[in-house]
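Thanks for sharing this one with me. My comments follow as numbered points, to be read alongside the structure.

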Amino acid sequence: MQEVLKQTISDDLKNALKSGDSFKVGILRLLLSALHNKEIEKRGKGEKSELSEEEIIEVLMKESKKRKEAIEIYSKGGRQDLAAQEAKESEIIKIYLPEQLSEAEVEKMALKAIEKIGAKNQKDFGKAMAEAMKELKGKTDASKVSEIIKKKLNS
(Lines give C-alpha, C1' and ligand atoms only; values in the text may rest on other atoms or scores of the structure.)
Protein backbone atom coordinates (compact mmCIF):
# COMPACT_ATOMS: atom_id res chain seq x y z
CA MET A 1 0.00 0.00 0.00
CA GLN A 2 3.00 2.27 0.41
CA GLU A 3 3.55 5.04 -2.10
CA VAL A 4 0.20 4.41 -3.83
CA LEU A 5 -0.55 8.12 -3.50
CA LYS A 6 2.79 9.05 -5.02
CA GLN A 7 2.13 6.72 -7.95
CA THR A 8 -1.30 8.31 -8.45
CA ILE A 9 0.30 11.76 -8.59
CA SER A 10 2.87 10.45 -11.08
CA ASP A 11 0.15 8.92 -13.28
CA ASP A 12 -1.87 12.15 -13.16
CA LEU A 13 1.27 14.05 -14.19
CA LYS A 14 1.66 11.81 -17.26
CA ASN A 15 -2.01 12.36 -18.16
CA ALA A 16 -1.67 16.13 -17.70
CA LEU A 17 1.41 16.14 -19.95
CA LYS A 18 -0.50 14.22 -22.63
CA SER A 19 -3.50 16.56 -22.41
CA GLY A 20 -1.29 19.68 -22.47
CA ASP A 21 -2.55 21.05 -19.12
CA SER A 22 0.57 23.05 -18.27
CA PHE A 23 -0.84 24.48 -15.02
CA LYS A 24 -1.61 21.02 -13.60
CA VAL A 25 1.76 19.73 -14.85
CA GLY A 26 3.50 22.49 -12.91
CA ILE A 27 1.76 21.83 -9.59
CA LEU A 28 2.11 18.02 -9.89
CA ARG A 29 5.82 18.37 -10.61
CA LEU A 30 6.10 20.62 -7.58
CA LEU A 31 4.37 18.00 -5.40
CA LEU A 32 6.60 15.20 -6.69
CA SER A 33 9.63 17.40 -6.07
CA ALA A 34 8.51 18.03 -2.47
CA LEU A 35 8.06 14.28 -1.97
CA HIS A 36 11.49 13.61 -3.48
CA ASN A 37 13.05 16.17 -1.13
CA LYS A 38 11.43 14.39 1.83
CA GLU A 39 12.94 11.10 0.63
CA ILE A 40 16.38 12.71 0.39
CA GLU A 41 15.94 14.15 3.88
CA LYS A 42 15.13 10.67 5.25
CA ARG A 43 18.13 9.14 3.46
CA GLY A 44 20.32 11.83 5.02
CA LYS A 45 19.15 10.70 8.45
CA GLY A 46 20.16 7.12 7.64
CA GLU A 47 16.57 5.89 7.26
CA LYS A 48 14.98 4.08 4.33
CA SER A 49 14.06 6.70 1.76
CA GLU A 50 10.67 5.14 0.96
CA LEU A 51 7.84 7.33 2.25
CA SER A 52 4.83 5.97 4.10
CA GLU A 53 1.35 7.14 3.10
CA GLU A 54 1.28 9.18 6.33
CA GLU A 55 4.52 10.96 5.39
CA ILE A 56 3.22 11.65 1.88
CA ILE A 57 0.03 13.14 3.33
CA GLU A 58 2.13 15.22 5.72
CA VAL A 59 4.09 16.70 2.79
CA LEU A 60 0.86 17.39 0.87
CA MET A 61 -0.68 19.07 3.96
CA LYS A 62 2.39 21.32 4.21
CA GLU A 63 2.06 22.29 0.56
CA SER A 64 -1.65 22.97 1.03
CA LYS A 65 -0.94 25.12 4.08
CA LYS A 66 1.62 27.14 2.10
CA ARG A 67 -1.09 27.87 -0.49
CA LYS A 68 -3.59 28.97 2.17
CA GLU A 69 -1.05 31.35 3.69
CA ALA A 70 -0.14 32.73 0.25
CA ILE A 71 -3.83 33.29 -0.60
CA GLU A 72 -4.21 35.30 2.62
CA ILE A 73 -1.11 37.40 1.91
CA TYR A 74 -2.02 38.06 -1.73
CA SER A 75 -5.60 38.96 -0.78
CA LYS A 76 -4.40 41.46 1.83
CA GLY A 77 -2.00 42.91 -0.74
CA GLY A 78 -4.76 43.36 -3.30
CA ARG A 79 -3.32 40.79 -5.72
CA GLN A 80 -6.47 38.81 -6.51
CA ASP A 81 -4.87 37.34 -9.64
CA LEU A 82 -2.13 35.67 -7.60
CA ALA A 83 -4.58 34.67 -4.86
CA ALA A 84 -6.75 32.97 -7.50
CA GLN A 85 -3.74 31.09 -8.87
CA GLU A 86 -2.81 29.85 -5.38
CA ALA A 87 -6.44 28.81 -4.80
CA LYS A 88 -6.37 26.82 -8.05
CA GLU A 89 -3.16 25.09 -6.92
CA SER A 90 -4.73 24.38 -3.54
CA GLU A 91 -7.72 22.70 -5.21
CA ILE A 92 -5.40 20.36 -7.13
CA ILE A 93 -3.52 19.44 -3.93
CA LYS A 94 -6.81 18.75 -2.09
CA ILE A 95 -7.57 15.99 -4.61
CA TYR A 96 -4.77 13.90 -3.11
CA LEU A 97 -5.51 14.62 0.56
CA PRO A 98 -7.85 12.44 2.60
CA GLU A 99 -11.30 13.84 3.31
CA GLN A 100 -10.94 16.63 5.86
CA LEU A 101 -13.11 16.42 8.97
CA SER A 102 -15.84 18.95 9.65
CA GLU A 103 -15.47 21.57 12.37
CA ALA A 104 -17.92 19.64 14.60
CA GLU A 105 -16.00 16.36 14.21
CA VAL A 106 -12.69 18.08 14.97
CA GLU A 107 -14.18 19.73 18.06
CA LYS A 108 -15.60 16.41 19.28
CA MET A 109 -12.24 14.64 18.93
CA ALA A 110 -10.36 17.54 20.54
CA LEU A 111 -12.74 17.47 23.53
CA LYS A 112 -12.23 13.72 23.81
CA ALA A 113 -8.45 14.29 23.96
CA ILE A 114 -8.86 16.97 26.65
CA GLU A 115 -10.99 14.60 28.75
CA LYS A 116 -8.63 11.65 28.20
CA ILE A 117 -5.62 13.45 29.68
CA GLY A 118 -7.68 15.42 32.19
CA ALA A 119 -6.56 18.83 30.95
CA LYS A 120 -7.78 21.65 33.19
CA ASN A 121 -5.95 24.80 32.12
CA GLN A 122 -3.53 26.35 29.64
CA LYS A 123 -0.58 24.46 31.20
CA ASP A 124 -2.03 21.23 29.79
CA PHE A 125 -2.31 22.63 26.27
CA GLY A 126 0.75 20.79 24.89
CA LYS A 127 -0.37 17.42 26.22
CA ALA A 128 -3.94 17.94 24.96
CA MET A 129 -2.67 19.03 21.55
CA ALA A 130 -0.36 16.00 21.26
CA GLU A 131 -3.17 13.63 22.24
CA ALA A 132 -5.64 15.21 19.80
CA MET A 133 -3.18 15.19 16.90
CA LYS A 134 -2.59 11.44 17.32
CA GLU A 135 -6.12 10.97 15.97
CA LEU A 136 -6.44 14.04 13.77
CA LYS A 137 -3.08 14.14 11.95
CA GLY A 138 -3.70 14.40 8.23
CA LYS A 139 -7.44 14.78 8.74
CA THR A 140 -7.50 18.47 9.60
CA ASP A 141 -5.31 21.52 9.97
CA ALA A 142 -3.44 21.63 13.29
CA SER A 143 -4.29 25.33 13.69
CA LYS A 144 -8.00 24.43 13.91
CA VAL A 145 -7.29 21.89 16.64
CA SER A 146 -5.10 24.38 18.48
CA GLU A 147 -7.81 27.03 18.35
CA ILE A 148 -10.49 24.66 19.70
CA ILE A 149 -8.29 23.36 22.53
CA LYS A 150 -7.24 26.89 23.58
CA LYS A 151 -10.87 28.00 23.61
CA LYS A 152 -11.95 25.02 25.77
CA LEU A 153 -9.05 25.33 28.22
CA ASN A 154 -9.70 29.07 28.68
CA SER A 155 -13.39 28.59 29.49
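1. What pattern does the protein chain follow when read along the sequence? The answer is α-α-α-α-α-α-α. That agrees with the totals for secondary structure, 7 helices and 0 strands. Please keep in mind throughout that this is a predicted model.

2. On overall dimensions, the C-alpha trace of the protein chain spans about 55 × 45 × 25 Å along its principal axes. The chain has 155 residues, and 37% of them count as buried. Its accessible surface comes to about 9,800 Å², with 51% belonging to carbon and sulfur atoms.

3. How much of the contact map comes from residues well separated in sequence? Among contacts in the protein chain with a separation of 6 or more, 61% are between residues 24 or more positions apart.

4. A word on charge. The protein chain carries 32 positive and 29 negative charges. The mean positions of these two sets are 3 Å apart.

5. I also looked at the aromatic rings. The count of aromatic pairs comes to 0. Two lysines do lie over ring faces, though: Lys88 over the face of Phe23, at 4.4 Å from the ring centre, and Lys150 over that of Phe125, at 5.5 Å from the ring centre.

6. Glu89 deserves a look of its own. This residue is placed in helix 4, which covers residues 80-96. Is Glu89 buried or exposed? Its relative accessible area is 12%, under the 20% cut-off, so Glu89 counts as buried. Leaving aside residues up to four places away in sequence, Glu89 touches Phe23, Ile27 and Arg67. Phe23 thus turns up twice in this note, as a contact of Glu89 and as the ring under Lys88.

7. My last stop is Leu153, in helix 7 (residues 142-154). With a relative accessible area of 7%, again under 20%, Leu153 is buried because it falls below that limit. Which residues does Leu153 touch, not counting those up to four places away in sequence? They are Ile114, Ala119, Lys120, Asn121, Gln122, Asp124 and Phe125. Phe125 is also the ring whose face has Lys150 over it. As for distance along the chain, Leu153 and Ser143 are 10 residues apart in sequence, and their C-alpha atoms are 15 Å apart in space.

Conventions: Residues are numbered from 1 along each chain as its sequence is written. This is a predicted model: local features need pLDDT of at least 70, side-chain atom pairs count only at pLDDT 80 or more; totals for chains, interfaces and linings use all residues. Side-chain values use heavy atoms; hydrogens and water are left out. Helices (H or I, at least four residues) and strands (E, at least two) are DSSP runs, numbered from the N terminus. Buried means under 20% relative accessible area, exposed over 50%, partly exposed in between (1.4 Å probe, protein chains only). Contact means heavy atoms within 4.5 Å. Accessible areas come from the Shrake-Rupley method with a 1.4 Å probe; for residues, only the protein chains shown count as cover. Lys and Arg count as positive and Asp and Glu as negative; His and the chain ends are not counted. The place of a charge is taken as NZ of Lys, CZ of Arg, CG of Asp or CD of Glu. Rings of Phe, Tyr and Trp (its six-membered ring) pair if their centres lie within 6.5 Å; planes under 30 degrees apart count as stacked, over 60 as edge-to-face and the rest as tilted. A charge sits over a ring if NZ of Lys or CZ of Arg is within 6 Å of the ring centre and within 35 degrees of the ring normal.
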